[in-house]
Amino acid sequence: MDLGLRDKRVLVTGASSNIGRATAIVFGAEKARVAVGYHSNEAGAKQTAALVEEAGGQAMIVQLDLADQASVEDAAHQVTATFGAVDILVNNAVAWSGFPEPGELFETAPVQRMRAGVEANLLGHYLMTRDVVGSMRQQGWGRVVHISTGLVEDGFPGSSAYVTAKAGLHGLTRTMSRELASAGILTNLVMAGFVVGDRRMPEEILSKTAAAAATGRTTTATEVANVVVFLCSQANGHVTGELIRADGHFLTPR
């Protein structure tokens, strides 16, 4: 199937590894022009860019801090200056809010953790999207996909900052769809499964997470990327406002 992505201008945040990298590479295989967004892992971003070009696309790297509005605006400007107006945005970057301290309770957790989690994982995505949808509206075509987690639906102890921010993306996705679909901009969200990637995990945890999925295994980054790229393609003409799980029907283990 021709996904109609040749020469489309794509920005993938958090693309220096794992799901972001896999997504950038799949876009590259479709001959797209991909801006590889990264926060601190410049070496990883350069490696992703090389893999995008090896797959058949064009690539650039762009540094951004989603907790800094000026950085977000500058990143959007850099991509536009190099490739032209962004056609497709994949908000994949994530900042883990950290684990609770020993003995910490819901009511004793630091408020700053919540503020930081929402700022980086929700407000940053909102700002990034604001900076690119104007040009999408002008050309009458655009695609936005937010990456989230099934933890929003299942809940997970000790992760209220992270899960709350991701839940906000669910509401943002639905609202954006109602506001932007008439302008040709389709907005969806993909809940990624448990992706091991390059993380070293104890075998006990790997077995537990694999068993928590109906498929009996963890998710690969490319499996998530394939769903994202389809939603961002010309082949998708009418799917918008959807919250799609790409996790093998994963139920958060207790």
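Two strands count as paired if DSSP finds at least two bridges between them. Helices (H or I, at least four residues) and strands (E, at least two) are DSSP runs numbered from the N terminus.

A quick note before you start: the model is predicted, so to speak of local features takes pLDDT of at least 70, side-chain atom pairs count only at pLDDT 80 or more, and totals for chains, interfaces and linings use all residues. Residues are numbered from 1 along each chain as its sequence is written, and side-chain values use heavy atoms, with hydrogens and water left out.

**Exercise 1.** Work out how many bridges join strand S6 to S7, and place both strands in the sheet.

Solution. Start with the pair itself: S6 (residues 185-192) and S7 run parallel, joined by four bridges. One of the contacts to look up is Ala 192, whose bridge partner in S7 is Ala 246. Now step back to the whole sheet, which is open and has seven parallel-paired strands in the order S3-S2-S1-S4-S5-S6-S7. Strands S3 (58-63) and S7 (243-246) sit at the edges with a single partner strand each, so one side of each has no neighbour in the sheet.

**Exercise 2.** Find which strands helix H4 lies across, and its angle to S4.

Solution. Pick out H4 at residues 111-139, then check the strands it lies across: S1 (9-12), S4 (88-91), S5 (142-149) and S6. Contact here means heavy atoms within 4.5 Å. For the angle, axes are lines fitted to C-alpha atoms (for helices, over the stretch in contact), and angles between N-to-C directions run from 0 to 180 degrees. H4 comes out at about 165 degrees to S4.

**Exercise 3.** Count the salt bridges, then follow the one made by Arg 9.

Solution. The rule asks for a side-chain nitrogen of Lys or Arg within 4 Å of a carboxyl oxygen of Asp or Glu. That gives six salt bridges. In one of them Arg 9 pairs with Asp 87, with the closest N and O atoms 3.0 Å apart. Arg 9 is in strand S1 and Asp 87 is in the loop between helix H3 (69-83) and S4, so the pair ties together parts 78 residues apart in sequence.
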